[in-house]
Amino acid sequence: MIDEQRQWHRLMAMARSGAIPGDGVNRACLTELDRQARRLLIGWAREIGAAVSIDAAGNLWLRRDGTDPRAAPALTGSHMDTQPNGGRFDGIYGVIAGLEALTALHHAGTPLRRPVEVVAWTNEEGGRFAPGCMGSMAWSGFKQIDAFADVVDPDGVRFADALAAQLAAEADLPHRPLGSRPHAYVEAHIEQGPRLEAEGLDIGVVTGIQGSRWFTVTITGETAHAGTTPLALRRDAVQDMVRAINALNTLMHDPRDVLRFTVGRISVEPNTSNSVADKASFTIDFRHPDKDVLLARGDAIAGVVQAAVRDGGVTVRETFHALPVAFSPLVIDAVERAAEAQGCRHMRLPSGAFHDAQFVVPVCPAGMIFVPCRKGISHNPAEYAEPAQLAAGTRVLTRTLIDLANG
Ligand code: GLV
Ligand code: MN
Ligand code: MN
């Protein structure tokens, strides 16, 4: 049923929207490249008679009806946006795998009791507009879509304006309300870590997702001449930023190497070699599987930064707060049965990356399927997954959807 070549060619066609050197992709959400990719998806969905619709968060929905018009759907999907220096598989694989499942079901004429829906969530990555997972958060009611209206991208474009432009470009699509109650959700994704490959396995049966908290720290000093201003008279925002990051490294020290702490974006003003900076800001991405650690260390961040900054003023703003989630046994078991039935070698494992699936957890039973990726590399143009392993993941996804859609 699953056509490995068709799926691979579709992934490679998607990768041309936003291709960057080294086989990478830079396809930020709500850009013309995102629109190009969506149009490709819509075209393929229409070839198999799937109904296409969009909601107020720009989430794109494909639907195949079931035999029971009142039954809640089995839902799958993922995201189509990438990191600025991203790869060809993170996110888009789960969308194309969902489409491949629909295509295979269509050609086989398999009757299923429930509808099967595929969703492409808006802005999972958070690379252009922070935080990520805006589409799934708005759909699940975790946040209202208006809460993100004034988030700006690095060029100062407001999220609300970018979303309005997207919705206008797709005004021909029928609208569906934000929020629904599926029977269950299962998302396919590359692992983005090294375990499956290292253990020679085909499928990861994902048990849950660790918690994440994002912060933006802004330090305000005073700009001055780099050649003439004595150090003692400076209020140097960059030096204060270095003190703050050093103090945070101490706070986040974890000899077990379970905790994840990243400063990934720094900006400095006036950003010139021979002026002392009057503004420095940086992002914090902090993750942990244990809720208590996530809360305690995350809550300590503001105080540690305040204490470390010596000369400037400082603000610490939390932009994302997602607790760890456990996936549902209904979906975990269905994925495991499907992997067994396909003869795939599999293991249970948690996810270190966040995914839209975690915002589906409060709404309906949810879970994920991981496939191996080379050396676990992701958020990097070198991200790679074998066509055969991607196809095996899609076979497991399809079987899981059949199971859920008849349940
Ligand atoms: C998702 O892209 C994440 O950062 O985990
Ligand atoms: Mn992803
Ligand atoms: Mn990602």
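**Entry 1: helix H1 and its neighbours**

I started with two helices and found that the axes of H1 (residues 4–15) and H11 (residues 387–405) come within 9 Å and cross at roughly 110 degrees. That makes H1 roughly perpendicular to H11, because angles from 65 to 115 degrees count that way. A note to self before going on: this is a predicted model.

Which residues of H1 and H11 meet? I listed Glu4, Gln7, Trp8 and Leu11 on the H1 side, and Pro387, Ala388, Leu390, Ala391 and Thr394 on the H11 side. Sorted by class, this contact has six nonpolar residues, two polar ones and one charged.

Next I looked at H1 against helix H3 (residues 92–108). Their axes come within 10 Å, and the crossing angle is roughly 140 degrees. So H1 is oblique to H3. I also noted that this crossing is right-handed.

From H1, the residues that touch H3 are Arg6, Gln7, Arg10, Leu11 and Met14. They meet Ile92, Tyr93, Ile96, Ala97, Leu99, Glu100, Thr103 and His107 in H3. The contact splits into seven nonpolar, three polar and three charged residues. Gln7 and Leu11 turn up in the H3 list, and I had already written both down for H11.

**Entry 2: H11 again, now with H9**

H11 has another partner on my list, helix H9 (residues 329–341). The two pack at about 125 degrees with their axes 8 Å apart, which makes H9 oblique to H11. Is the crossing left-handed or right-handed? I wrote down right-handed for H9 and H11.

In H9, the residues in contact are Leu330, Ala334, Val335, Arg337, Ala338, Ala339 and Ala341. Facing them in H11 are Val396, Arg399, Thr400, Asp403 and Leu404. I counted classes here too: eight nonpolar, one polar and three charged residues.

**Entry 3: strand E4 and its partners**

On to strands. Why is strand E4 (residues 60–64) called largely enclosed by the rest of the structure? Four of its five residues are buried, so the description fits.

E4 pairs with strand E3 (residues 51–54) in the antiparallel sense, over four bridges. Within that pairing, I found serine 53 opposite tryptophan 61. The hairpin of E3 and E4 has five residues between the strands, and glycine 58 there takes a positive phi near 80 degrees.

E4 also runs antiparallel to strand E6 (residues 116–121), and five bridges join them. Here leucine 62 has valine 118 in E6 as its bridge partner.

**Entry 4: strand E14 and its partners**

I then went to strand E14 (residues 279–288), which is mostly covered, with eight of its 10 residues buried. I looked up three pairings for it.

- Strand E9 (residues 211–220) pairs with E14 in the antiparallel sense over 10 bridges, and glycine 211 is matched with histidine 288.
- Strand E11 (residues 260–262) is antiparallel to E14 too, over three bridges. Threonine 262 stands opposite aspartate 285 there.
- Strand E12 (residues 266–269) pairs with E14 over four bridges, again antiparallel, and the partner of valine 268 is alanine 280.

**Entry 5: single residues worth a look**

Is aspartate 34 buried or exposed? I found this residue in helix H2 (residues 32–47). Its relative accessible area is 3%, so it counts as buried, since the cut-off is under 20%. Leaving out neighbours within four places in sequence, aspartate 34 is in contact with Arg27, Ala28, Cys29, Met80 and Gln166.

Leucine 30 has a positive phi of about 60 degrees, although it is not a glycine. I located leucine 30 in the loop between strand E2 (24–25) and H2, and at 4% relative accessibility it is buried.

Asparagine 123 is another non-glycine with a positive phi, this time about 50 degrees. Asparagine 123 sits in the loop between E6 and helix H4 and is buried, at 1% relative accessible area.

Last, I checked two cis peptide bonds. The bond from alanine 130 to proline 131 is cis, with omega near 5 degrees, and proline 131 lies in the loop between E6 and H4 (134–140). The bond from glutamate 269 to proline 270 is cis as well, with omega near 5 degrees. I found proline 270 in the loop between E12 and strand E13 (275–276).

Methods: Residues numbered from 1 in each chain as written. Chains lettered and ligands numbered in written order. Predicted model: local features only at pLDDT ≥ 70, side-chain atom pairs only at ≥ 80, totals over all residues. Heavy atoms only, no water. Buried < 20%, exposed > 50% of the residue type's maximum accessible area, 1.4 Å probe, protein only. Pairing = 2+ DSSP bridges. Axes fitted to C-alpha atoms, helices over the stretch in contact; angles between N-to-C directions. Parallel < 35°, antiparallel > 145°, perpendicular 65-115°, else oblique. Left-handed = near helix turned anticlockwise from the far one by under 90°. Contact = heavy atoms within 4.5 Å. Nonpolar A, V, L, I, M, F, W, Y, C, P; charged D, E, K, R; others polar.
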